Amino acid sequence: MPLNSRALARVSIALFAPFALLALAACDPQRISELQPGASTEADVRDRFGVPENVWDEPGGARTLEYNRQPAGSVNYMITIGSDGHMTAVRQVLTAENFARVLPGMHTDEVRRMLGKPAKVTTYALKKETWTDWRFLASPNETKAFSVISDPDHVVLRTQIGDDMDSPDSKGGR
């Protein structure tokens with residue numbers, strides 16, 4: 001059965017989107033090096049990174065722009081713009097320090113705000129649990145998954161770090 005042009009376009013997008021995301025993430029160090037705290041403006045950030053996944057309001061009129069590299073990437077950036085419109089910080093938030101701040105009893109909205117959009121969310125109805133995963137680099141060549149397990153009320157029960165089962169290494173190659 002021949003593919004029509006719409007079906008072909010959908011297949012092309014599905015096949016090439018992960019590669020585009022990887023290429024985008026590979027350019028991040030260059031983009032970051034072009035930004036200077038106190039000098040670069042929000043327009044400069046958006047010129048280099050595009051439209052943010054989310055914009056978070058901060059105390060004092062500052063805003064944080066979230067740039068997500070999940071599910072194909074292993075970083076998420078939070079870029080803070082001060083009340084004067086100039087960039088004050090660039091943070092890669094998928095770190096051991098931030099993972100340690102995720103504690104049982106927290107609401108998953110707090111975790112989402114801290115770590116950015118996850119790579120994957122899986123609900124296990126019979127267990128009454130939701131697993132939210134972020135991919136991160138444990139070392140330059142080792143991708144892991146940080147999982148937050150929550151209850152039906154979106155309260156964190158526990159966390160864990162394990163192998164990234166969606167990485168090429170876990171699927172038989174690179």
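A residue counts as buried under 20% relative accessible area, as exposed over 50%, and as partly exposed in between. Arg63, at 26% relative accessibility, is therefore partly exposed. The model described here is predicted. Its description below covers an antiparallel sheet of four strands and a set of eleven salt bridges.

**Sheet**
- The four strands form an open sheet in the order S1-S2-S3-S4, with antiparallel pairing.
- Strand S1 (54-57) and strand S4 (87-92) lie at the edges, each pairing on one side only.
- On average, neighbouring strands of this sheet are turned by 20° against each other, direction ignored.
- Strand S2 (residues 63-68) is joined to the antiparallel strand S3 (residues 76-81) by six bridges; Asn68 has Asn76 in S3 as its bridge partner.

**Helices on the sheet**
- Helix H3 (residues 42-49) packs on the sheet and touches S1, S2, S3 and S4, its direction making about 5° with that of S2.
- Helix H5 (residues 108-115) also packs on the sheet, touching S1, S2 and S3, and its direction makes about 80° with that of S3.

**Salt bridges**
- Glu42 and Arg63 form a salt bridge whose closest N and O atoms are 2.4 Å apart.
- This pair links distant parts of the chain, with Glu42 in helix H3 and Arg63 in strand S2, 21 residues apart.
- Glu42 is buried, at a relative accessible area of 17%.
- Lys127 and Glu129 meet through their side chains in a salt bridge (3.7 Å, N to O); Lys127 is exposed at 53%, whereas Glu129 is buried at 9%.
- Glu142 pairs with Lys144 in a salt bridge, the closest N and O atoms being 3.5 Å apart; Glu142 is partly exposed at 36%, and Lys144 is buried at 16%.
- Glu42, Arg46 and Arg63 are joined into one network by salt bridges that share partners.

Definitions and conventions: Residues are numbered from 1 along each chain as its sequence is written. This is a predicted model: local features need pLDDT of at least 70, side-chain atom pairs count only at pLDDT 80 or more; totals for chains, interfaces and linings use all residues. Side-chain values use heavy atoms; hydrogens and water are left out. Two strands pair if DSSP finds at least two bridges between them. Helices (H or I, at least four residues) and strands (E, at least two) are DSSP runs, numbered from the N terminus. Axes are lines fitted to C-alpha atoms, for helices over the stretch in contact, and angles run from 0 to 180 degrees between N-to-C directions. Contact means heavy atoms within 4.5 Å. A salt bridge is a side-chain nitrogen of Lys or Arg within 4 Å of a carboxyl oxygen of Asp or Glu. Buried means under 20% relative accessible area, exposed over 50%, partly exposed in between (1.4 Å probe, protein chains only).
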